[in-house]
Amino acid sequence: MTDGKIKIVDTTLRDGEQTAGVVFANREKVRIARLLDEVGVHQIEAGVPVMGGDEKKAIKEIVKLGLKASIMGWNRAVISDIQQSIECGVDAVAISISTSDIHIEHKLQTTREWVLESMIKAVEYAKREGVYISVNAEDASRSEMDFLVQFATEAKNAGANRVRYCDTVGILDPFATYDRVKTIRERVGIDIEMHTHNDFGMATANALAGIKAGATHVGVTVMGLGERAGNAAMEEVVMALKHIEGIDLGFKTTSFRTMAEYVSLASGRELPAWKAIVGSNMFAHESGIHADGALKNPKTYEVFTPEEVGLERQIVIGKHSGSRALVVKFAEYGIQLNDDEAAELLPKIRSTAVDLKRSLFDKELVYIYEDALGNRA
Ligand code: MN
């Protein structure tokens with residue numbers, strides 16, 4: 001894999017907001033942009049200027065914040081779209097057009113030649129305006145490879161800074177991703193951004209595969225928000241790069257949980273307990289063997305610390321608990337259990353958890369203790 005030159009492009013405000021049923025208020029968009037900048041995102045795709053109205057106002061406000069991150073506007077390969085982006089003051093534009101025959105024939109109802117021509121005209125226009133240009137090959141995964149290479153080559157020749165490889169329908173696996181991205185890298189030699197969707201649960205894996213094949217940028221959203229099953233999640237990509245691939249982008253990961261909570265609130269989309277990296281269950285241990293291991297040394301069952309992403313470790317007492325976890329839990333209440341007492345309480349606690357079909361609250365544990373052992377103290 002390459003070094004720390006990988007750039008994170010966040011599209012929570014564009015693809016994330018395109019999630020069916022999601023709308024951000026302008027102040028929410030501005031706040032999300034600030035949060036993204038604070039954690040270390042390199043480029044923020046702030047929206048679609050040609051939509052006008054509030055969308056355009058929000059993008060202008062974000063530009064005015066003067067953030068460290070580059071601010072990008074999303075456009076079709078249409079000059080009037082790009083004019084709207086320029087008017088907002090963005091320093092970067094995404095120019096998007098489909099490259100698969102299924103899209104060209106059925107959606108655009110045109111020809112490959114028209115696609116190339118429109119893209120080149122749009123890129124040349126943006127180039128004259130002096131902005132950074134990403135040319136997005138929509139539905140790249142289902143595009144014929146030779147045409148995709150030709151498209152990327154002509155984009156490069158027209159002055160594009162990178163090509164966005166869009167796995168628009170999330171149809172690739174990591175092996176196919178690797179092969180296709182490597183081919184473009186070798187045959188065209190332009191920067192490539194991975195834009196992967198999670199329809200088969202492989203968005204993050206495919207983004208990493210693209211990086212291994214030489215991609216330089218990764219498009220992400222907070223908690224994977226996005227069309228249908230969503231995009232690659234920022235927190236997953238950044239933490240996987242750091243802990244699996246040894247590439248530390250220097251992000252302020254301690255804000256990841258807070259940021260996910262805010263985006264969850266603003267989008268009205270649940271942040272599931274089992275969400276990778278930022279879910280509240282990431283550091284909750286209940287089973288006797290796991291809790292015992294985690295209490296002796298957290299590294300036995302945790303790859304990174306909860307603090308690193310703004311979470312806390314929780315030992316949960318329930319059906320699967322063991323006596324060691326009980327001793328530690330009761331010590332939090334100021335009650336020192338000996339081994340015999342823990343052994344006596346354990347079956348009562350387990351059967352209560354089965355009756356209630358859940359783990360137990362602190363108060364419930366104390367009541368069980370008082371009923372069984374309280375008088376002895
Ligand atoms: Mn997308």
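## A salt bridge between the domains

Let's begin with one pair of side chains: Lys 242 and Glu 308 form a salt bridge, with 2.7 Å from N to O. This is a predicted model, so please read the contacts described here in that light. Side chains of opposite charge can pair when their charged atoms come close. The cut-off for calling a salt bridge is 4 Å, and the 2.7 Å of Lys 242 and Glu 308 falls within it.

What does this pair connect? Domain 1 covers residues 7-267 and domain 2 covers residues 280-374, which places Lys 242 in domain 1 and Glu 308 in domain 2. Across the interface of these two domains there is 1 salt bridge.

## How the two domains meet

Taken over C-alpha atoms, the centres of domain 1 and domain 2 are 44 Å apart. Their contact is made by 7 residues from domain 1 and 8 residues from domain 2.

The size of an interface is often given as the accessible area lost when the parts come together. Here, domain 1 and domain 2 bury about 610 Å² between them, and 56% of that lies on carbon and sulfur atoms. Which residues of domain 1 supply 67% of the area it buries against domain 2? They are Met 239, His 243 and Arg 257, and no other three residues supply more.

Polar contacts also link the domains: 5 residue pairs are counted between domain 1 and domain 2. On the domain 1 side, helix H10 (234-243) and helix H11 (256-267) each supply at least two of the touching residues. H10 gives the largest share, with 3 residues. Sorted by class, the side of domain 1 that touches domain 2 has 2 nonpolar, 3 polar and 2 charged residues.

## Strands inside domain 1

Away from the interface, let's turn to strand E1, residues 7-10. E1 pairs in the parallel sense with strand E8, residues 217-220, over 4 bridges. Within this pairing, Asp 10 has Val 220 of E8 as its bridge partner.

E1 also runs parallel to strand E2 (residues 43-47), and 2 bridges join them. Here Val 9 stands opposite Gln 43 of E2.

## Another salt bridge to look at

The structure as a whole holds 29 salt bridges. One of them joins the side chains of Lys 29 and Glu 17, at 3.5 Å from N to O. Where do these partners sit along the chain? Lys 29 belongs to helix H2 (residues 26-39), while Glu 17 lies in the loop between helix H1 (12-16) and H2. The two residues are 12 residues apart, so this pair links distant parts of the chain.

How values were computed: Residues are numbered from 1 along each chain as its sequence is written. This is a predicted model: local features need pLDDT of at least 70, side-chain atom pairs count only at pLDDT 80 or more; totals for chains, interfaces and linings use all residues. Side-chain values use heavy atoms; hydrogens and water are left out. Domain bounds come from an automatic or database domain assignment. Contact means heavy atoms within 4.5 Å. Buried area is the accessible area (1.4 Å probe) that two parts lose on being put together, summed over both. A polar contact is a pair of N or O atoms within 3.5 Å; within protein, one must be able to donate a hydrogen and the other to accept it, and residues adjacent in sequence count only if both atoms are side-chain atoms. Ala, Val, Leu, Ile, Met, Phe, Trp, Tyr, Cys and Pro count as nonpolar, Asp, Glu, Lys and Arg as charged, and the others, Gly among them, as polar. Two strands pair if DSSP finds at least two bridges between them.
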